[in-house]
Amino acid sequence: MAKAPLSKKAPRASASQVTRKSVASKVTTKSATKPTSKSKDVKLEQAKKRSATKRFVATQKPIDEPREEKDTTKKDDASNVVKRKVGRPKGSGKYGEPIKSVRIPISLADLLESYIERKGFVVPIYDSLVQAGFPSPAEDVNCESLDLGAFLIPNPAATFFIRATGESMRDAGIYPNDILIVDRSLEPVNGDVVIAALDGEFTVKRLFKTGARVELRPENRKFRPICVTEEMDFTVWGVVKKVIHSL
């Protein structure tokens with residue numbers, strides 16, 4: 001019986017050959033994994049572009065797009081739109097008309113409330129004359145509105161009140177404790193009733209000028225006129241326009 005031919009064994013590699021192969025494989029692996037200078041530059045440029053893009057996007061303002069308005073109405077079971085109104089209807093409040101919110105100092109709150117309760121200073125006035133004698137039979141007369149503020153104080157910024165004392169202007173209708181409405185914006189002329197400061201004291205008299213002569217005349221024969229001289233400290237504070245006194 002013939003014997004099978006013996007297989008030839010591969011020759012073993014020497015130690016030097018094995019060392020050279022392992023070194024060569026390591027060098028090949030490192031060279032494959034280590035990036036070249038060109039690849040570094042490419043990656044750096046790409047990173048710069050990405051960062052620049054991010055900064056550009058971050059600095060851009062969002063485009064104003066029309067917002068969708070939310071539907072605040074509610075739908076019932078039948079899918080019909082039902083608007084729900086909150087509060088009472090306009091004009092049905094205390095004052096019978098729409099109101100507006102304003103900001104005022106606390107110190108003026110009571111004054112404003114009183115003004116509103118009185119409906120301002122506007123009161124009705126009848127255009128028919130009232131006779132001091134026997135009254136005529138009642139007739140239908142037209143009624144208008146009179147704003148007391150505008151009537152008594154046409155120039156509020158330059159108006160002040162002062163209380164009268166004494167009897168020197170009785171014939172002019174000015175009695176003690178009457179309230180005088182004085183306008184400081186007016187230039188006094190001959191015959192005006194003025195409030196004058198004479199040597200540090202207030203006085204109400206009728207003013208007359210004749211050249212350089214200035215005279216303050218009372219409206220009562222019991223009092224003498226006052227002739228203003230250069231030695232006196234004299235100033236006209238304002239012109240009396242109206243008088244308020246009780247009967």
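**Close-up 1. Glu219 and its partner Arg206 in this predicted model.**
Glu219 counts as partly exposed, with 22% relative accessibility. Its side chain meets that of Arg206 in a salt bridge, at 2.7 Å from N to O. Arg206 sits in strand E8 (residues 201-210), while Glu219 belongs to the loop between strand E9 (213-217) and strand E10 (226-228), so the pair ties together parts that are 13 residues apart in sequence. Arg206 is partly exposed too, with a relative accessibility of 21%. As a bit of background, side chains of opposite charge can pair when their charged atoms come close.

**Close-up 2. Arg213, Glu215 and Arg217, a salt-bridge network.**
Here three residues hang together: Arg213, Glu215 and Arg217 are linked by salt bridges into a network. For the link between Arg213 and Glu215, the N to O distance is 3.8 Å. Are these two buried or exposed, or somewhere in between? Arg213 is partly exposed, at 45% relative accessible area, whereas Glu215 is buried, at 13%. The cut-off for buried is under 20%, so Glu215 falls inside that class.

**Close-up 3. The salt bridge between Glu167 and Arg170.**
How far apart are the closest N and O atoms of Glu167 and Arg170? They are 2.3 Å apart, and the two residues form a salt bridge. Glu167 is partly exposed, with 29% relative accessible area. Arg170 also counts as partly exposed, at 34% relative accessibility. If you're keeping score, a search of the whole structure turns up four salt bridges.

**Close-up 4. The largest cavity and its lining.**
Just one cavity of 30 Å³ or more is found in the structure. The largest cavity holds about 30 Å³ of space. Which residues line it? Ala164, Thr165, Gly166, Ser168, Met169, Ile174 and Val204 do the job. Sorted by character, the lining has four nonpolar residues, three polar ones and no charged ones.

**Close-up 5. Val240 in strand E11, with Val204 from the cavity lining.**
Val240 is found in strand E11 (residues 234-244). Val240 counts as buried, with 11% relative accessibility. Pick out Val204, one of the residues lining the largest cavity, and you'll find its C-alpha atom 8.5 Å from that of Val240. Along the chain, Val240 and Val204 are 36 residues apart.

**Close-up 6. Asn177, a loop residue with positive phi.**
Most residues other than glycine have a negative phi. Asn177 goes the other way, with phi near 75°. Where does Asn177 sit? Look in the loop between strand E5 (159-163) and strand E6 (179-183). Asn177 counts as exposed, at 53% relative accessibility. For a landmark, try Ile162: its C-alpha atom is separated from that of Asn177 by 9.3 Å, and the two residues are 15 apart along the chain.

**Close-up 7. Asp199, another non-glycine residue with positive phi.**
Asp199 isn't a glycine, yet its phi is positive, at about 55°. You'll find Asp199 in the loop between strand E7 (193-198) and E8. Asp199 counts as partly exposed, with a relative accessibility of 49%. The exposed class takes residues over 50%, so Asp199 stays in the partly exposed one.

**Close-up 8. A nonpolar patch on the surface.**
This patch covers about 830 Å². Its members are Val102, Ile104, Leu108, Leu111, Leu112, Tyr115, Ile116, Phe121, Val123 and Leu148. Which element gives the largest share? That's helix H3 (residues 109-117), with four residues. Leu111 is placed in helix H3, and at 58% relative accessibility Leu111 counts as exposed.

Methods
Residues numbered from 1 in each chain as written. Predicted model: local features only at pLDDT ≥ 70, side-chain atom pairs only at ≥ 80, totals over all residues. Heavy atoms only, no water. Patch = residues over 30% accessible without salt bridge, like charges linked within 9 Å, V, L, I, M, F, W, Y side chains within 5 Å. Areas by Shrake-Rupley, 256 points an atom, 1.4 Å probe, with all protein chains shown as cover. Helix = DSSP H or I, 4+ residues; strand = E, 2+ residues; numbered from the N terminus. Buried < 20%, exposed > 50% of the residue type's maximum accessible area, 1.4 Å probe, protein only. 1 Å grid on protein atoms, 1.4 Å probe; cavity = no way out; pocket = protein on both sides within 12 Å on 5 of 7 lines; lining within 4 Å. Points joined across faces, edges and corners; volume = space filled by probe spheres on them. Nonpolar A, V, L, I, M, F, W, Y, C, P; charged D, E, K, R; others polar.
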